[in-house]
Each structure stands twice: as structure tokens, then as C-alpha cells.
Amino acid sequence: MEDTLRTIRGIAFDLEGTLVNVEPAHHRAHLQIARELGLKLTLEQCLRGDVLPHFIGGPDEVIYQEMLELAGNPSGVTAAELLARKKTLYRENLRWATFQTRPGWNMVLVKALIQRLEVSIGSLTAKEEAQVLLNRSGLSKLFPRRHIILREDVTNPKPTPDVFLKTAERMGISPSAQLVFEDSPRGVQAALAAGSVAVGVPVYDRPEVHNALLQAGAFRTYRSWGEVALLELLAAAQSQA
């Protein structure tokens, strides 16, 4: 029988949501645009996914196409125009918002370093916006710049594997030896497409959110970083072919 064990040698962390909770800033922008289209949507409705199925995890282009279909597009605006408007609103939020890393994640980083694992960030956030998050959260001091992969570093977005192929390359390991922490189904799909093991740590501890991550192929999901027992997880992840 062929040996299916793998040795995890590095960890890649998604940035937005997974390490730094920026979801409220994104959601405020989404809901503002919905109001401008005449839609009376609540955050609760959107989080359930029964009104805008892609509200969590995006991509934004699809979210705005769904909004237009829901509103009947009375103004003739395009999804691309809504996306440009959203980016403006989001950047305005970035100017005053204080961003902190999610509680408990730093213990996972410490344990990873003790185990002599390589660590990286794999995100499709644009460099300008990512730098704000990295600096204000203190993450820029914890990861080598070469190990931080951003939108400008890859050709194709998630769920294609580009970003996690690149994180593995920069860490000097095989993608199959990489464990990826993500908070969105598209991110999980990208990790699996790269040949890595994906684990979900969503911002919202809701059954439908966890189920979406598992359906996308996540090996496990956790309600918070405080639940992640890294050594046990690494041992279990070795058996994932």
C-alpha cells in the first residue's frame, strides 16, 4: 500500500478575516451600496446567505451582481461601477479603523515557530490596503516580507491555487507540506487546488458558515483560534492524502 502520510513543514495564513477581522468594514460598505440600490437588507439576512449567497467570502463582483439582480437594476448601474464605489467606501473605513489580530492566533504562531515550521501570509488583498492592516495589527513585524504574498504577487485569484503555490515556494517547501488557515470557501478551495491541507477559522461562528467551509473541503473548522490545538492538528493533518 502506498504511504499517504505527509509531513507539514509550513503554515500559510490568510490575512483578511482569518488573522485580522476586517469583515465589519467590508459589510458596512456592502450594506451602504445595497441601500443606495433601494434594498432594505440587514446584516443578519446577508450572513445567512439566503439573500446574497456570496456575501461571506465573495468575490465582490459576484455580490454586486446578486444585488443588481435582487434590485432589478433600476438605475442601469453595472457591477463594476458598484465595485468601484465599494472600494472607495472601504478605503474610507480603513482611514479611521483600528485593526487588531483575532484573539488567540498568536499562540498558534508561537507553537508553529517552536516546531520550527515556516510561516507565511497568503492574501489577495491589494498591497496598499494590506500594508495598512499589516502595520496597524503588528503583523508586519512577525512575518518576513518575502513570506507575505499579496494580490500583486499572483496572476489569478482564489479559488485558483496561485497564492498558496507562491507561499509554499517562498517558504521553500512543497505545497503538499503546507497547512493553510482560511476563513472563506474560496480560500479553502485554493488551498486544496494547491495540494495543501486547509483548515477553517471563520469570523462568524455560525453553522452555515462552518458547513460552507467543510463543503469546500476544509479538513476541520474551529470556532476560534483558542480552540486550535496545533500539535494535535499537525498529527491529524499528516494522514490527509
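These legends walk through close-up views of one predicted model.

**View 1. The sheet, strand by strand.**
Let's start with the open sheet, which has 6 strands in the order β3-β2-β1-β4-β5-β6. The pairing here is parallel. Strands of a sheet pair through backbone hydrogen bonds, and the pairing can be either parallel or antiparallel. Now look at the edges, where you'll find β3 (148-149) and β6 (220-221). Each of these two has a single partner strand, so one of its sides has no neighbour in the sheet.

**View 2. Zooming in on β4 and β5.**
How many bridges join strand β4 to strand β5? There are 4, linking residues 178-182 of β4 with residues 197-200 of β5 in the parallel sense. Follow the two strands and you can match up partners: Leu179 sits opposite Val197 of β5, and Val180 sits opposite Ala198 of β5.

**View 3. Which way do the residues of β5 point?**
In a regular strand, side chains alternate between the two faces of the sheet. Try it on β5: Val197 and Val199 point one way, while Ala198 and Gly200 point the other way. Whichever way they point, all of them are buried.

**View 4. Gly200 and its surroundings.**
Gly200 belongs to strand β5. Buried or exposed: which is Gly200? It counts as buried, because its relative accessibility is 0%, and the cut-off for buried is under 20%. Leaving out residues up to four places away in sequence, Gly200 touches Glu182, Leu213, Ala218, Arg220, Thr221 and Tyr222. For a sense of scale, pick out Lys86, which is 114 residues from Gly200 along the chain. The C-alpha atoms of Lys86 and Gly200 are 26 Å apart.

**View 5. A helix lying across the sheet.**
Helix α7 takes in residues 162-171. Which strands does α7 lie across? They are β1 (10-13), β2 (118-122), β3 and β4. Compare directions and you'll see α7 running at about 150° to β2.

**View 6. The largest pocket.**
Rolling a probe the size of a water molecule over the atoms shows where empty space is left. The largest pocket holds about 950 Å³ of space. Its lining has 32 residues, and those nearest the centre are Glu16, Pro59, Asp60, Leu124 and Thr125. Four helices, α1 (23-36), α3 (60-71), α4 (79-96) and α8 (185-194), each chip in at least two lining residues. The largest share comes from α4, with 5 residues. Sort the lining by type and you get 9 nonpolar, 9 polar and 14 charged residues.

**View 7. The second largest pocket.**
Next comes the second largest pocket, with a volume of about 250 Å³. Of its 16 lining residues, Pro53, His54, Ile56, Pro185 and Ala212 are the closest to its centre. At least two lining residues come from each of α2 (43-48), α8 and α9 (207-216). Helix α9 gives the most, with 4 residues. By type, the lining of this pocket splits into 8 nonpolar, 5 polar and 3 charged.

**View 8. A cavity inside the model.**
How many cavities of 30 Å³ or more turn up in the whole structure? The search finds 1. The largest cavity has about 40 Å³ of space. Around it you'll spot Glu23, Ile56, Asp183, Pro202, Val203, Tyr204 and Val209. That lining is made up of 5 nonpolar and 2 charged residues, with no polar ones.

Methods
Residues numbered from 1 in each chain as written. Predicted model: local features only at pLDDT ≥ 70, side-chain atom pairs only at ≥ 80, totals over all residues. Heavy atoms only, no water. Pairing = 2+ DSSP bridges. Contact = heavy atoms within 4.5 Å. Axes fitted to C-alpha atoms, helices over the stretch in contact; angles between N-to-C directions. 1 Å grid on protein atoms, 1.4 Å probe; cavity = no way out; pocket = protein on both sides within 12 Å on 5 of 7 lines; lining within 4 Å. Points joined across faces, edges and corners; volume = space filled by probe spheres on them. Nonpolar A, V, L, I, M, F, W, Y, C, P; charged D, E, K, R; others polar. Buried < 20%, exposed > 50% of the residue type's maximum accessible area, 1.4 Å probe, protein only.
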